[in-house]
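Me: I would like to learn how to read a few features of a protein model, beginning with its cysteines. Could you take me through them slowly?

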Amino acid sequence: MNRELAIHLAKVDNVEVCMYLPAFSDEDKKAADKFEVRLLKAEEKPGYDPVDWLSSIPSDHQMDAVIGHGIHLGRQVPDLKKSHPECKWVQVVHTDPEEYGMFKTYSNPTAKGEKKHDAEVKLCQQADQVVAIGPKLANTFSRSCEKGKVLNLTPGIFSEFAYMKHDIEERETFHVLVFGPGDSEDFQLKGYDIAARAVAELGDSFKLVFVGAPNRKEEKIKEMLLNEGVSRLQLIVRSAKERKQLAQQFYEADLVIMPSRTEGFGLAALEALSAGLPVLVSGNSGLREVLKKVPFGESVVVKSEDPGDWAKAIRGVRTKDRNVRLKEASDLRENYSETYNWKEQCSRLIGKIHELLRARQEAENIGEKQPFLPNYDKEG
């Protein structure tokens, strides 16, 4: 999300974008240069985690606004503002920790979800502007912030996947792709059990392809999926992939599903849609709320946690000729792009930042024009 936001903000007239990072490669810099995005490396702080190196920035670095993202990349902003007090703070939120806590499976998830939510809310309240990714999160965080402070930003199509070409020849085995963090704590949250049970119902001509297993935990993820009833012949488990490897995963897939029990937005499904792939998405997701306004968008929503309903929806996609379902996916991508585009969304954000800067300038001007009033005592 940060990468795509930087790329499209840099396209707005009279806007310069700098990404502040603990480290980056020459390849990263070349990629950023193509989009006129500058990369700035943080100074190493021995004994601190690299992400905490971002808590200070060179005093001579000029910036009008700084964008923080969640707790992990937002908690550093109050420290940055100590050296740049005139800078405006935009805080981006993309998850609802309390709602996630209802489905997490680690120790004491409800209390931990509340704690994360409280921290997220405090960061939002301190910020000058809040940006929520999609309407679902905008509604959640508007309850905790002053009226008008939360801007709903709906991501557009991811351009890096938008020009993929898919082979229209039908394949013997239908590959259903699900991808995500793959942590065991997210297993129910992301609906991986739903995916496994749905594919198990469909028989050996369907395969579940799981992409995202953490390093050296592939076997654990495999066993968790097998325990849901999917057979070894119906399952492929792959490790987490770098972003440049995602296009190949999309090319090999026939369908991408996002059966999450809850999802703040659902960027994974939007990436697949951007690649022109058929998708099925959860009814309890921010993306579903967005698709309501897209022609034929509701046709890819599954409003159920029942694996049988997901199996039925998957079979419905498979029964269409491959060229037909690819054409429908391409048309949906086009409809989505016409409804939500990065240019319009980023222009609205820049407009909000300009409003904040104008308000600051007006306040400074009033201060400069304030006449000097001597504080005479009674005798004076």
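Reply: Let us start with a term: a residue is called buried when its relative accessible area is under 20%. Please keep in mind that this is a predicted model.

Me: Is Cys-124 buried or exposed?

Reply: With a relative accessible area of 0%, Cys-124 is buried, and Cys-145, at 10% relative accessibility, counts as buried too.

Me: How many disulfides does the structure hold, and why is Cys-124 not bonded to Cys-145?

Reply: In general, a disulfide is a covalent bond that joins the sulfur atoms of two cysteines. Here the structure holds zero disulfides. The cysteine sulfur closest to that of Cys-124 belongs to Cys-145, but it lies 4.9 Å away, which is too far for a bond, because a disulfide needs the two sulfur atoms to be within 2.5 Å.

Me: Which strand does E5 pair with, and in what sense?

Reply: Strand E5, residues 129-133, pairs with strand E6, residues 150-153, in the parallel sense over four bridges, and within this pairing Ala-132 has Asn-152 of E6 as its bridge partner. Together with helix H6, residues 135-142, these two strands make a right-handed β-α-β unit.

Me: In what order do the strands of the six-stranded open sheet lie?

Reply: The order is E9-E8-E7-E10-E11-E12, with parallel pairing, and the edge strands, E9 and E12, each pair on one side only. Helix H7, residues 192-202, packs on this sheet, touching E7, E8 and E10, and its direction makes about 160° with that of E8. Helix H10, residues 267-274, lies across E7, E10 and E11, running at about 160° to E11.

Notes. Residues numbered from 1 in each chain as written. Predicted model: local features only at pLDDT ≥ 70, side-chain atom pairs only at ≥ 80, totals over all residues. Heavy atoms only, no water. Pairing = 2+ DSSP bridges. Right-handed = clockwise from strand over helix to strand, strands pointing away. Buried < 20%, exposed > 50% of the residue type's maximum accessible area, 1.4 Å probe, protein only. Contact = heavy atoms within 4.5 Å. Axes fitted to C-alpha atoms, helices over the stretch in contact; angles between N-to-C directions.
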